[in-house]
Every structure is written in structure tokens, then in C-alpha cells.
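Colleague: I would like to go through the labels on this model with you and hear the reasoning behind them. Could you take my questions in turn?

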Amino acid sequence: MLRRFDSIKGCGIFEDYRWNSSVPDFERINLIYGQNGSGKTSLSRAVDGINAEAGGYANVSITVSKPDGSGSVTSRQNHIDEFDRVFVFSERYVKDSHNFDGDTEVEAVLTLGKKTVEDEKRIEELKRLTGVAAKELAIATSEAVTSAKALEDEYTTIARGVVNLLSRAGGEYASNSNYNQGVAKRKFAGSHEAWALLDDAKKTADLATVNSDNKAEITPRSYSLTVRGDLRTDAERLLSESPVSVALDTLIDHEEAVSWVERGRHLHEGKDICIYCGGILTDERKRRIEQHFSDEVERLQRQLDSLIREVKGMQTSLTGLLGDGTLAGSLFDDLATNFKTEHESAKKQVIEFGKWISGLLGALDKKRSNVVGQVEYEITESPKTDGSKLEQLVADHNERVAKHAELVKESAKRVELHLLKEAEDRINELTEDAKKKATKKAGLESTIKQHNEEVASLENVEGDPLPSAEVMSRELTRILGRNELGFELLPDGKHYRITRHGAPARDLSTGERTAITLIHFLQNVKEKSQAAKSKPIVVIDDPVSSLDSNSAMGISTYIWAETVAKEHTEQVFLLTHNFELFRQWDIQIDGLNGKRGPSNSKGYTSNCYELVAPHRRVGGAYKRVPAFIAWPPNEETRLKVRSAYHHAFITSVRAHLAMADDDSMETKLDALLLYPNVLRRMLETFLAFKYPTTAGKFTEAMRTAGEQLEALGYEGNADGLRLHLTRFTHGYSHAESPETDVAVNPDEIKPVLASVFTFMSVVDKEHFEGLCALVGIEPTHLILEAQAVGEAQDYQSDAKDTPTSGTEYA
């Protein structure tokens, strides 16, 4: 068991490292947290090279002992046997040990040994069975191909049938390049709920619509004529009415002269001689004529004239009401037929209506010729011409003109669904047959695959066989939470192929690659350790870097299960910059049997560390110098630091207090490691909970908070404070370069830290004071004081005048 790294030389930032004797020794479970740039990768590389083959042991001195602490030995830059039990999982292992290009093969986890006689007999039998299965597979494959082709051909036939009938509808039906075999296949794979057969009439009508050309719109007009409701009553009254007057005997005897005399009396006004006969017109004769044609007579005459004009107007309207019927030729074919039928029916109504009008006009004319007399005429119920059906046909035509494209589309869809429904039984039959043939083929392939895997296991393993492809696939599913990826044994029986849904997997995600290589790594560790009859020492460096939360949790659980929960691993080192992973393992260590720490008596001794790299003056220059720190500094801190946010705040406070006690360049350089990565992450979390709608939008969140600073009582330059913090956290965050040169002015860190605390205090004072209470510090010790305000304002002014890489901070 590795106890401590006494010294490391020439490995990254571990240039001349010496172990601090105050740091507790390593135990069975070692959890190491370090931010980017703290030296985790350099450390894992140093450990990875200590085996005899790599020769890196010459650069390190490591103290080892038995698990109970006895037999302590220090390597002193020499190789010792324990080094050959060290296995390191890192980015280098993923890159160097596996080739994910081409067919994405992973070498099988092998152990060497002699085969027993029983194994050789079993191998011979398996090869014989494989030969029989291979012959059957050739036949089954041919049948499966034929059956599958019959199904594909039927899909092609369906697609061509649809296009042949519906190509004039355009769109997806325009050609077989649009509506092809694949489209038909997808239709059958989807819902069949809307599919329905059409009767012949409906199918014919829909096809007629699909193949029809559009028509011109027709100006709507009325084909109906009715008599006003009280016309019959008015006519009956006028025909029966007799005006009060003194009738001339001559006109009584000669009714045919009445209208002639009536017109003549107006021509003889002021005359004494008759212009017709030349006789004398006496005053008495004129008076008698005027009495005959009294005002009552004139009133009745006017009413008759008005009614006669009205009836004649209807007669005129009736004459051209229906037209000659040639309009039918402008309608859609099916509407034209109905129009002709309705036109003939309406013509009969017009004839009856015309007879009624003629009879009424005759009676009215007779009455008008002698208004004094009564006319006996029975007026029947007034008929009408109802052209509403003709009008509706025209309206239907115009609507169809406006919606022709839509109606064609709807008709085409109904015909398509009819055709699919017609073919449904045939497709089901062919699908079932193809499925049976494919199942038979897959069964034989599975049998051959199992035989090959067993042969490979017997040829390569003495005692326990190789982990099968099923085991590897099962572990991958357990990590990722999905079963689309798996392992397939290649025909040579010595390599696995990573597959996705049975096909070679390409373009694997980072999470998938990490999970696959981790499975292979830990299986390899177990098999080699079993062969050597010794427990391995496992070092795992940042296993969840750049992974989503689901993959990270699966990988974390798998590592814990294989290296902690199971007893075949002697010691495990987990190095991570992911604080959530560090926190989860810290919690899980709490849950182990027995007392926590080095004194655990249940086989779960443990220690936690923080790997830091403060700047120190080395050879006249400031460089990062790595160091292990026992974590936590006290048990109270472990209870507090259960989130990355709280840890970032505590670390920032630590840096602030360090500069308050020691304003030296070294102290500022150490604080620069926090700035701006940790400060930005802390501000992002703080603002995300303060302004939930801006989560993930750091600049917008800073702008929102900045706009409220003055209203919240901030007396300084609110806009300058916001710009200052936003600019530097954007400009210098995520600086992960291994260079040791200082890129940020060390004098900026002190006012920046104070600005961050002041910003948080102003935006949410109660929250800020709660954090201070958790750490045990007075809030006033952190926020800007008078001198710091001036310094911050100077930097804020500089921020406004300093060009940035973008305009997003404005």
C-alpha cells in the first residue's frame, strides 16, 4: 500500500516536490480534490510511470507498507515490487490504450495459462457445432433476405400505386422521389387509426377532384323571385272598390268610352268647342263630366297604375330571371349536372308564375279602363320562383375555386389512406414472415456468437473464463442508464467491437468513451491481479471530466462498487476537480462500516486531501508549487462544505483574510489561483438563485443586479462595479494553461475580492450575512472600506476604458 510521496522530480509542476510530514499518510481509500492547475494530471503521470517497464520510478521516492502499517519501505528512486501492482486510469490511458477509430475495437481482457484436456475437448465440440450452425445460417440468411426483399418490393408497389393515382395533387405525391419505398414503410410503422376504405362512389369523386383543373369564379346573382306579402290583398281591394261620383248616363251605357273621355277632358280645359267632333261644350256639360271623374276616381286610378307598374316590373324580372342555362358549362362537372337539373325545375316555376302575373294584369287593366265598375276576378295564392339551390350551387362552385388546392389535398389524402388500408393485410403477412425468418437467422448468429465467445474464453483463460460480451454490455448499461451500446466478440475471439443497436458504433460521446474504457480498465485490473494473486492499487484521475451529470453519477457509482465495495482492490486514489464528485464520495465514506478515518477497523481506512499549488519564489521567479493539505481542516468544515458554492465562498474568505494579514506578493499570487474561476462560479450560483430567470446567462444576471445596486443603497459607482466584475470574470476565467508566468496583475485581486463581497452584500444582505455566520466572520470585515472603495473605483474606471474581447459586458 502506498503511504506517501516522499519526493517527486521533473514531472510537470512537481519539479522538486517534498512531502510535508504534517500531512497524514495515505490509507485504503484516498479522496483528493484539486482545482484545475493544481497538479492532479502531473501527479497521475508520475505514478503511472513508476513500473519497471516505464522506468519512471527513478524520479520518485515513495514509502510503502502493508495494510496494517508493518513492513514500511521507501523506494528511494528504485523499483520495488509494489509498483507493478499500481494501475492508473487517466486521459493518457484512454488515449493510448484504445483505438476508437474505424471499427472501434477494444482488446479483450486476457490472462495467460495452459488449457486443460477437458477444455480442448470442449473447444473441438464447439467448433463442430459452430460448423453445423454456420451451414444452417447460410440457408436462413438466404431465406431472410428473400423474405425481406418481398416486403421491400411490396412497399415499392404501394408507393408507385399512390403516385400513379395522385401525382396531379403534387406535393409528396408528385413523384416516386418524394413518395418512395421508405415513405411507405414509415407510414406502416406509424399509426393506422386514420386509415379507412372508401366506397366506389366516394373514391371516384375524390379522384375526380384530384385530377380536376381549377375553374374561374362566377359572379353571384339571384335566381329567386317572390311577390310581396300584401300584393294579393291590395289587388283584391282595388278590383272591388267603386269610387263615389255622379255618373254620366252616356258613359254608363258605353263603358268602352270611359277611358277615352277621361283622357279627353284634360285636353279640353278652357275650351268651348270639342276638338274631336266640333260640337259646343256648355259649362253644364263640362261640370257633369268633372263630377263623373271625381277625386275618388283619380285616387283609385293612381293606385291601379302603381300596382300595374309593379306587376309589370315582376313580369320583366321574371323574363330574364334564370338565363338560358349555359352557365352550367362554367361550373365544375359534378356541380354542372345538378345545376342543369335545378334550372329545369326553376323554369317550370317561372312559367306558372308568368301565367299568374298575366291573369292579374288582365284584371287590373280591365279595372283601370273603367274604375267605376267592379271587376270579378279570383286571385289565387301567389306563386314564386325558388332559385336558392341554383344560388347555392354557384356558391359551392366559388368556394371550391377558392379552396381547390386544399380540397385536392384532402381528397388525395383520403385516397392514399384507402390504398394503404387495402394493402394492410398483405403487409402484415409479409412482415410476419420476414420477422420469423430474421428471428431464425438471429438465433443462429447468437448461437455461433456464444460458441465463439466460449472458445475464446477457453483458449485464453486458465480457470475462470474471460468476462463475456454480455457482462461488458451489462456494466456499460448500468453506468450510462441505457442499453443502446454493447460489446460484440469479433470472429478472431480476441477483440471486442463496440456496437450501437448491433452496428459498429462511431462518433462515441466523451461519456461513452470514458465508460467503455473504465469498464475495460477495471476488468483488466481484476484479471491481472487474480493472475498475480495480489490486490491492485488503483489511481483514477478526473474520471468525470466534461461529462453530463447522469454519466458522471453512473461512472462514480461504478468506480465505488469496483474499488471500495468489492474486496479485490487493496487501495484506491480518486483525484478530481469536480467538487460534486468529491462531495458525494465524502458522504459515501461517512456511510461505510466502522469509524471514519485511519482508525477504521472494518477494512475501510480513509483520508481526504486537497491538492493546492500556491505561487512561491523559486529560483528568482514565482511558480506554482504543489502541496497536499489534509481535508477538512476540522470536522465542522466537513459539515458546512456540502456544496461547491459554500466551498467557493469559504475559499474566497480564506484568501481575503490571508491578504489582510500579509500583503506580500506571494499571498496575492496564491489568491490569484481563485480569481476569476472560483469567483465567477460563486457569482453565477449566487445570481442564479437570486434571479432564477437569468440562470446560465451570467452577463444578463450581472446587468440585472447592477441596475438595482443604487436602489439597494450602494453609494459607489454601481455601473463601474458591475463592469469591473463582469469584465474580469469573463476575461480571465477558465485559464487552464500549464504556464507558470503570471498573466493577471496581482494588485487587482485584493479590491476585486472586496468588490465581490460588497456586491453580494448589497444585492442580498440577508443571504450574505448568513454565509458569513456559517464561516464565523463579521460581514464588515469583508466588504469594501473607504480606501478599498477608492481602489475599486480606480479599477472600475480602468475597466470602462479598457477594450475587451466583445461587447457583451456593456
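Modeller: Gladly; we will go through burial, strand pairing and helix packing, and keep in mind that this is a predicted model.

Colleague: Let's start with S44. Why is S44 called buried or exposed, whichever it is?

Modeller: S44 has a relative accessibility of 2%. Buried means under 20%, so S44 counts as buried. This residue is in helix 1. Leaving aside neighbours within four places in sequence, S44 is in contact with V88, S90 and D541.

Colleague: D541 brings us to strand 11. What makes strand 11 largely enclosed by the rest of the structure?

Modeller: Strand 11 covers residues 537-541, and 5 of its 5 residues are buried, so the rest of the structure largely encloses it. I537, V539 and D541 point one way, V538 and I540 point the other way, and all are buried. In a regular strand, side chains alternate between the two faces of the sheet.

Colleague: How do you know which strands pair with strand 11?

Modeller: Two strands pair if there are at least two bridges between them. Strand 6 (residues 86-89) and strand 11 have 4 bridges in the parallel sense, and F89 has I540 as its bridge partner. Strand 11 and strand 12 (residues 571-576) have 5 bridges, also parallel, with D541 and L575 as bridge partners. Both pairs meet the cut-off of at least two bridges.

Colleague: What is the order of the strands in that open sheet, and which of them stand at the edges?

Modeller: The order is 6-11-12-3-13-16, with mixed pairing. Strand 6 and strand 16 (627-631) are the edges: each has a single partner strand, so one side of each is left without a neighbour in the sheet. On average, neighbouring strands here are turned by 20° against each other, direction ignored. Further along the order, strand 3 (residues 29-33) pairs with strand 12 over 5 bridges in the parallel sense, and L31 has L574 as its bridge partner.

Colleague: Which helices lie across this sheet?

Modeller: Helix 15 (residues 510-532) lies across strand 6 and strand 11 and runs at about 175° to strand 6. Angles over 145 count as roughly antiparallel, so helix 15 is roughly antiparallel to strand 6. Helix 17 (residues 579-590) lies across strand 3, strand 12, strand 13 (606-612) and strand 16, at about 150° to strand 3.

Colleague: And the sheet of 4 strands: what makes strand 2 and strand 5 its edges?

Modeller: The order there is 2-1-4-5, with antiparallel pairing. Strand 2 (14-18) and strand 5 (73-74) each have a single partner strand, so one side of each is without a neighbour in the sheet. Strand 1 (residues 2-11) and strand 4 (residues 60-64) pair over 5 bridges, and F5 stands opposite I62. Helix 1 (residues 40-48) packs on this sheet, touching strand 1 and strand 2, with its direction at about 100° to that of strand 1.

Colleague: Last one: why are helix 6 and helix 11 called roughly parallel?

Modeller: Helix 6 (residues 231-240) and helix 11 (residues 333-369) pack at an angle of about 30°, with their axes 10 Å apart. Angles under 35 degrees count as roughly parallel, so the two helices are roughly parallel to each other. Helix 6 passes helix 11 in a left-handed crossing. The contact is made by L231, A235, L238 and L239 of helix 6 and W356, L360, A363, L364 and K367 of helix 11. By class, that contact has 8 nonpolar, no polar and 1 charged residues.

Key:
Residues are numbered from 1 along each chain as its sequence is written. This is a predicted model: local features need pLDDT of at least 70, side-chain atom pairs count only at pLDDT 80 or more; totals for chains, interfaces and linings use all residues. Side-chain values use heavy atoms; hydrogens and water are left out. Buried means under 20% relative accessible area, exposed over 50%, partly exposed in between (1.4 Å probe, protein chains only). Axes are lines fitted to C-alpha atoms, for helices over the stretch in contact, and angles run from 0 to 180 degrees between N-to-C directions. Contact means heavy atoms within 4.5 Å. Angles under 35 degrees count as roughly parallel, over 145 as roughly antiparallel, 65 to 115 as roughly perpendicular and the rest as oblique. A crossing is left-handed if the near helix is turned anticlockwise from the far one by less than a right angle, and right-handed if clockwise. Ala, Val, Leu, Ile, Met, Phe, Trp, Tyr, Cys and Pro count as nonpolar, Asp, Glu, Lys and Arg as charged, and the others, Gly among them, as polar.
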